[in-house]
Amino acid sequence: MGNIIQRLRSRTKPKYRTIVPNCAVDPEISHSHKSHPNHGYLSNKIQTNRYSVITFLPKNLFEQFHRYANLYFIFLVALNWVPEVNAFAKEITMLPVIFVLAVTAVKDAYEDFQRYRSDKKVNSQNCRKFSSTEKRYVKTDWHDIHVGDFVHLSCNEIIPADILLLRSSDKEGICHIETCNIDGENNLKQRYSVKGLDTKECEFDPSDFHNVIEVEQPNCAIYKFKGYIFENEENKIALNRDNLLLRGCVIRNTDFIEGICVYAGHETKALLNNRGPRYKRSKLERAINRDVVWCVVLLLFLCFFCAIGSGIWLADYNTIKENTNLVPFISFGDLDKYSPLYQGFIVFWTYVIMYQVVIPLPLYVSVELVKLGQVYFMTQDKEFYHPESDKRLECRALNITEDLGQIQYIFSDKTGTLTENVMEFKSCTIGGVDYPHLPGDEESSENDIDSKFSVPSRNSSILENLRLEPALQRELSNMCLRSLDSVELVIPRHVQRVQEFFLLMAVCNTVVVSHHPHEDNIDESGFLTDPQFVGGIASRIDQPLDKYSRLSRSSSPSSSQDPRDSLTPVPSEGSIGGSSLLSDMSSRTRYEAESPDELALVKAASTYGCRLLKRSPKTVVVWLPAEGEVELEILHILPFDSTRKRMSVILRHPLSKEITLYTKGADSAILSVLDKSFKVDEEYRLQRDQTTEHLTQYAMKGLRTLCMAKRVLKEDQYKAWLVDYLVASASIEEREELMLKSFCDIETGLDLLGATGIEDKLQDGVPETIAKLGEAGIKLWVLTGDKQETAIQIAYSTKLFTKKQEVLQLNATTKEEAEDLLRHHSEQISKDYKSSLKEHNNDTSTTVFREYVLVIDGTTLAFALTEELDPIFLALCQKCKAVVCCRATPIQKGNVVKLVKERLQKMTLAIGDGANDVSMIQTADIGIGISGQEGMQAVMASDFAIAQFRFLLRLLLVHGHWNYFRLSNFAAIMFYKSLITVFLLFWFQIYSGFSGSLMIDSLYLMLEHLLFVSVPPIVNGVFDKDTSAEQLLDKPHLYKAGQNSKLYTKWTFGIIFLDSLYQSLVIYFITHYSYTNFGVGLWEFGTTICVCMILIILLQIGLETNSWVWLQWLFLILSFMVFWMFAIVSNAIFFTFNPPSNPYWVMENTISQAIHSCIAIIVCVLALLPRVVIKSIQFTLFPTDIDIIKQQIQETMTTEEKQDVRGYDNDNVNTTGLVNAQTMQTSDSSNMNQDNASSSRYNEMKISNNDVAAHKRNTSSFLVTKL
């Protein structure tokens, strides 16, 4: 053993790690000691928190200083400490930076503390580890597990580390695990103990296990695992992924397992795949960054301009050589410093400090706060709650909420996204004969209703009821082992096909069957609870086969019954209506399938009497109607993969010992590997053609199709294939490729049995949602793996296609053919459009522009996505109203999204529910996961998660629109606040000799954006609405404002620039000239300007507010009151930050003068008047779609108020006489009817995309008259 370890450790760059069981090592040797053979491997302790109490401050500051914005402002703080360039009081300059750093540090500390608590909770979980000193399993915490430790786990326990499975309570070494914490799939997976090890006997003792284990180095590939167990220097046992239990999975349907830890802690595959929170940069954020660059340009321009102005100013005093104190605003103590060039250089840096607010320091912090508020209210929206699944909207990416309001393309999966992914068996074709399962009568009896009860769950203990076909009942009634023997044919061939078809449905799957609860005979502390356990190791006695009670003969139709007597469904196992007909044990049968398709097939077979009772790696137990419980030997299971698109099981007949391969899969995957007789023999060719025709009919009905086939193997054929199979399975290099080749070699020359049609119903509200999204200008592409006919039928059902549209189908077998089709259809659409346009110019009343939709299959799509053809393909898609890609692989889905996103520069959204949708979800600008029947892997990869497709409508049209609108206004206000402040400081420099002096107290300037005007924009960013949710849903065309980025364009910053420039001119020069004849000090002058600036900013925020809630009123008023009170209180206290200046009693003196109030009123009116006028003109003459909606709402409310007033007047009429009263009532009734009719006519008016323009033209004169 020592030679093996030394030889393996001698590699310079080992691909594998060597593990020695810790029970074979002296327990006195510490795991971290170099002499321990497993030293250097991480323990199972998890630590995701980044800080400790000691390291928090230096480490957090170091991380924050990696942000360029923080470094910039730290540089300004340091620069302000240089005496020559000092602009503000040193202490005050530090306040904004300290505030931002402190807020970020508090947030980081809180998040890190939460991670610490989570780590502590995980690390303190318990499990049982084998102790070499006590010779038994002992209770221990997760963090005490190390590589090489033996671990014992019971049913429903979470796996604490990556464990190599050595023993299971199942006699075949099977362990079932639930992997939803790893890959999101909520179905059960099977794992197997290492084959070749004698660990299944009751006397197995971990202390006797001294074998050396060699496994690959830790990696994030959860579906791959390679390694060996060395029994000696010559013999080794290969390991694969089926032997590995991953950390985070849960043990299910297994009493207990034992294994050895091979990866622990942060080296486990689960933690290596933990990439942390997703970060994406939104489109609006990129626009904001662009405008920040313009702010930097403006900053440099102002600094250079003022520096040059300072030099020119000083140059005028060159004649003064003796007394430099005569230079206004500047005092020089040293004649050497009296140099225009030197002073210009120094004052440049002074202005960099003064004008630093042009780059809004709180912008990014405030944006994060706004988005957090938006996300909170989105997740609390009750309209997103799905009671059936008990799920709400989940937000996994916090920084792209506004992108929801700018989506232009949606890429959607079909199964589980547009449909429920709850499968119901509807039809089958066997031997070319169609067996449609007709729906029940509407007027069913109460018993019929009970018998049709089913639970739409993929993992249901209640088997599905089905209205049976009499012919199938008759042909299956005598199903037994002899009738399944193809050597001795005792029944007609078609009847045998029917029976083998249903046997295939029952056994060709990975469905897990359970009947009883699972118990472990070792308690949580490691002590035995069963006296049969010997030597510290549990011995489990397997119960005989007859523990599964035989089903009653009355539970299925007997051979003596005529199935044509009635179409009443046969009560299936576990059904409410027929449970009394079954044994107690079988009624507790629970099926757990890896896919809804498998569950539907097994339930259908069970309903017809061919019931799956038990499964193990070597055998499968089924109930046959004419024989009862039988056991079939499983030789091999060839699992499904996306390349073959089929799965197979190889069985041996218990009587004739005949070997049969049963296969099911996609029609293209089965029909392509049929026996040659299906092309040559007339009878078989007819059977194939009829089956293909039935498949097409099923697809046209929107059913999912699967083909069934078999192959009888001769003994020598099987043995020859088995040799290749064993070589492939034992290989480490290229194992997957060799296994795939081995599967394909035996899955040839198949005999076609038939096919099934399974219905996957549409989700609620899908057609309405797609129609509304289309009205909103969003193009929807469906990317599905289903066959073409099914996809087309679903497209019509969901209203993605309409009967008026022309469907273009692209099906090519070569690249040249694909190119010809793409060019032909593209040119044809262009010709049709030109002819329609010419006809439209001649006669506008009758011309209809034809619409096209595109359907392309997977083979053609592969050609279309090549570099040579993708421009042609993309041009054709742009001319089509909708696109459906069939038979698309996960990689193709991602490539299609990438093509549109990068080539067209459009905002894309991908939505799906399964693992095959992860590629396109991660490629799109926004990924939406649906928490449906295919697990949570799509949700785990997504930015947002919803429970139903219909919720996408509200997510985009309501919350997406609101978020984009709010953040657009928020960003504009933030830039506006900064620019107006900088311009006010700039105008004063003209009158202060460009000296860098300030007229506003530096304390006000520092607190302005942190306290005085910081909260109202944030509140508006969370609560403001330009229109109601009902209006946004009722008029989807309002969404187009976000698609076209109309609310925040490349000209927005220019408009803000001009607006703030004008307002700063009004504030400064009116104040300046108003105080010309008054003996007012510099601080009083600056205080008046500061009051006007704060007041105008708050009023501007009020003008930009569209809907008011009490919080907006509160913080708007409170902000000004805080500033006002702060100025009064701070000026009433004698202190100074910038000696010798002193703001003592300045505010009190300023507000005591009447001119201060007059200036504030005049300045506010003149500064805001242009904006009010322009908004009124725009609202009147050039209303947007939102403005039109607001006008309609106002007019409706006015009409209702008039009706209420008239109703109130009618109630107070003094009825002096019956005749007068009747006359009055008649008159009022007439007036009311006229008003109601007018109001009704107005309320019925709906503004659509076609008549918005006409409405805009008519609105102008109406509103002018009204005003």
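## Worked exercises on a predicted model

At 1% relative accessibility, Phe384 counts as buried. Keep that residue in mind, since it returns in the first exercise. The model is predicted, and every value below is computed from it.

**Exercise 1. Classify the ring pair formed by Phe384 and Phe951, and say which parts of the chain it connects.**

Solution.
- Step 1: start from the full set, which holds 44 aromatic pairs.
- Step 2: take the geometry. The ring centres of Phe384 and Phe951 are 6.2 Å apart and the planes stand at 90°, so this pair is edge-to-face. The cut-off that matters here is an angle over 60 degrees.
- Step 3: place the partners. Phe384 belongs to the loop between helix 8 (363–379) and strand 14 (394–395), while Phe951 belongs to helix 26 (residues 951–990), so the pair ties together parts 567 residues apart in sequence.
- Step 4: check the burial of the second partner. Phe951 has 5% relative accessibility and therefore counts as buried.

**Exercise 2. Do the same for Trp721 and Tyr725: is the pair stacked or edge-to-face?**

Solution.
- Step 1: the centres are 5.0 Å apart and the planes meet at 25°, so Trp721 and Tyr725 are stacked.
- Step 2: look at the sequence spacing. Trp721 and Tyr725 are four residues apart in helix 16 (residues 715–730), which puts about one helical turn between them.
- Step 3: recall the helix geometry. An α-helix has 3.6 residues a turn, so residues three or four places apart point the same way.
- Step 4: add the surroundings: Trp721 and Tyr725 are both buried.

**Exercise 3. Find where a charged end sits over an aromatic ring, using Tyr41 and Tyr796 as starting points.**

Solution.
- Step 1: over the face of Tyr41 lies Arg17, at 3.8 Å from the ring centre.
- Step 2: over the ring of Tyr796 sits the charged end of Lys803, 4.3 Å from the centre.

**Exercise 4. Work out which strands stand at the edges of the open sheet with the order 3-2-4-13-5-11.**

Solution.
- Step 1: read the order. This open sheet has six strands, and the pairing is antiparallel.
- Step 2: go to the ends. Strand 3 (136–141) and strand 11 (244–245) each have a single partner strand, so one side of each lacks a neighbour in the sheet.
- Step 3: zoom in on one edge. Strand 2 (residues 126–131) is joined to strand 3 by six bridges, running antiparallel. Within this pairing, Cys127 stands opposite Thr140.

**Exercise 5. Trace the neighbours of strand 25 (residues 703–713) and decide how enclosed this strand is.**

Solution.
- Step 1: on the strand 24 (residues 659–665) pairing, count seven bridges in the antiparallel sense. Lys664 faces Met708 across it.
- Step 2: strand 25 also pairs with strand 26 (residues 751–762), through eight bridges and again antiparallel. Here Thr705 stands opposite Gly757.
- Step 3: count burial. In strand 25, 10 of the 11 residues are buried, so the rest of the structure largely encloses this strand.
- Step 4: try the approach on strand 7 (residues 188–192). Four of its five residues are buried, so strand 7 is largely enclosed too. Its antiparallel partner, strand 6 (residues 174–178), is joined to it by five bridges, with Ile177 opposite Lys189.

**Exercise 6. Test whether helix 11 (residues 493–507) has the expected span.**

Solution.
- Step 1: at 1.5 Å a residue, its 15 residues should span 21 Å. The product uses one less than the number of residues.
- Step 2: compare with the model. The end C-alpha atoms are 21 Å apart, which agrees.
- Step 3: look at the covering: 13 of the 15 residues are buried, so helix 11 is mostly covered.

**Exercise 7. Which residues touch the most other members of the largest nonpolar core?**

Solution.
- Step 1: the core has 90 residues, and the answer is Tyr355, Phe975, Met999 and Ile1094.
- Step 2: ask which element contributes the most. Helix 26 does, with 18 residues.
- Step 3: inspect Phe975. Leaving out residues up to four places away in sequence, its contacts include Ile288, Val292, Leu363, Tyr1048 and Phe1053.
- Step 4: separate the second core, which has 48 residues, among them Ile430, Leu484, Val507 and Met708.
- Step 5: set this against the whole chain, where buried residues make up 53% of the 1267 residues.

Definitions and conventions. Residues numbered from 1 in each chain as written. Predicted model: local features only at pLDDT ≥ 70, side-chain atom pairs only at ≥ 80, totals over all residues. Heavy atoms only, no water. Pairing = 2+ DSSP bridges. Helix = DSSP H or I, 4+ residues; strand = E, 2+ residues; numbered from the N terminus. Buried < 20%, exposed > 50% of the residue type's maximum accessible area, 1.4 Å probe, protein only. Phe/Tyr/Trp six-rings, centres within 6.5 Å; stacked < 30°, edge-to-face > 60°. Lys NZ or Arg CZ within 6 Å of the ring centre and 35° of its normal. Core = buried A, V, L, I, M, F, W, Y, C linked by side-chain atoms within 4.5 Å. Contact = heavy atoms within 4.5 Å.
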